[in-house]
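Q: Could you take a close look at a single part of this model and set it in the context of the chain? A connected account would suit me better than a list.

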Amino acid sequence: MQHPENNKAYKGLAVNEGVENLPQVNPYASFHRQKRTLTAEQYVEGILKGDITLLGQAVTLVESQLPSDQVIAQQVIEKCLPYSGKSIRVGITGVPGAGKSSFIESLGTELCQQGKHLAVLAIDPSSERTKGSILGDKTRMNELSVQANAFIRPSPSAGSLGGVARKTRETIVLCEAAGFDTILIETVGVGQSETAAHSMVDFFLLLQVTGTGDELQGIKRGIMEMADGIAINKCDGNNIERAQAARVSFKNALALFPPTESGWKPYAETCSAVEKTGIMEVWQMVEKYIAFTHENGYFDHKRTQQAKYWMYETVNAHLLNSFYQNPEMEAMSKLMEQKVLNNEISSFIAASELINAYNHKQ
């Protein structure tokens with residue numbers, strides 16, 4: 001191509017000729033290969049061998065909302081189920097700022113150094129507006145994440161009640177099949193619906209912190225009644241005396257509660273995730289509880305009750321999805337909604353008509 005700038009009239013200026021018909025694709029670049037789709041059998045084989053990469057991919061399948069992924073995920077879970085149930089499951093909850101992630105890292109590192117295989121399922125709160133999550137727990141647990149026998153999986157809560165992702169229970173099955181003997185589940189935080197977390201763990205630990213005013217008012221009675229033990233974190237520096245005083249307060253409060261179904265008497269310990277003091281005393285509390293419930297038979301009874309609970313929870317979730325994903329019901333819902341807004345009918349009558357219409361379509 002001739003450029004006018006190369007005319008002798010333009011002194012000191014020259015433009016090199018370009019290359020005509022440049023290829024639109026770099027011939028030296030490697031083409032991006034499509035991700036290979038694995039079968040359920042291949043996922044299970046890898047999980048049983050302890051392949052962390054395949055375990056992570058299987059968890060992603062479980063969390064996926066795509067129908068095709070769900071089909072494979074359910075097959076994987078079903079095949080892994082006979083290899084599950086051999087771990088100690090511990091749920092950890094607490095007020096925001098109680099140091100749940102720091103506590104889990106300190107405890108998890110100690111357990112890994114003892115030779116335990118640890119899986120941490122950290123539930124990250126999702127935005128109500130964007131539905132997105134930061135999923136930053138793995139980056140905060142720097143010391144634990146480099147342990148060879150640790151698996152950290154942050155998951156979005158995605159609006160789930162109880163501060164636990166809907167698929168967490170199924171993820172537990174996969175982790176147990178992969179050989180993890182200890183599973184820690186970190187919930188979003190204390191709320192009025194921690195039942196979901198409580199119904200999938202063997203020991204429910206309530207993490208508390210002092211210096212927030214009236215510590216006993218910081219936790220509602222409902223969550224304290226569900227707790228199998230309390231750990232008062234940040235017992236270090238100038239906070240030691242307050243932490244010790246809070247321990248006495250919680251001990252007295254727990255004594256006022258009615259006896260637990262397991263026969264176990266919950267108590268409180270103090271610890272510091274930063275200084276790593278009192279951490280193993282908290283774990284010894286967990287081990288005492290596990291031994292106690294194994295001896296009186298409550299451990300197996302509780303797991304049986306949990307399995308029944310999640311069967312009905314799965315039915316409820318399926319019915320909800322079946323209702324809201326039905327195009328006819330979606331159109332009728334908008335019509336009923338408009339009638340309610342126009343004060344033509346009450347909310348209860350509108351709901352009744354929707355349910356009756358749905359039942360007739362089944």
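A: In this predicted model, Gly85 sits in the loop that leads from helix H3 (67-80) to strand E1 (88-94). With a relative accessible area of 34%, Gly85 counts as partly exposed, because that value falls between the 20% and 50% cut-offs. Leaving aside residues up to four places away in sequence, Gly85 touches Glu176 and Arg303, and its C-alpha lies 8.8 Å from that of Ile172, although Gly85 and Ile172 are 87 residues apart in sequence.

The strand that follows this loop, E1, runs parallel to E5 and is joined to it by 5 bridges; Thr93, for its part, has Leu206 of E5 as its bridge partner. E5 (residues 203-209) has 7 of its 7 residues buried, so the strand is largely enclosed by the rest of the structure. In a regular strand, side chains alternate between the two faces of the sheet. In E5, Phe203, Leu205, Leu207 and Val209 point one way, whereas Phe204, Leu206 and Gln208 point the other way, and all of them are buried. E5 also pairs with strand E6 (residues 229-233), again in the parallel sense and over 5 bridges, with Leu205 standing opposite Gly229 of E6.

As for the wider setting, the protein chain contains 15 helices and 7 strands, and 43% of its 362 residues count as buried. Among contacts in the chain with a separation of 6 or more, 73% come from residues 24 or more positions apart.

Definitions and conventions:
Residues numbered from 1 in each chain as written. Predicted model: local features only at pLDDT ≥ 70, side-chain atom pairs only at ≥ 80, totals over all residues. Heavy atoms only, no water. Helix = DSSP H or I, 4+ residues; strand = E, 2+ residues; numbered from the N terminus. Buried < 20%, exposed > 50% of the residue type's maximum accessible area, 1.4 Å probe, protein only. Contact = heavy atoms within 4.5 Å. Pairing = 2+ DSSP bridges.
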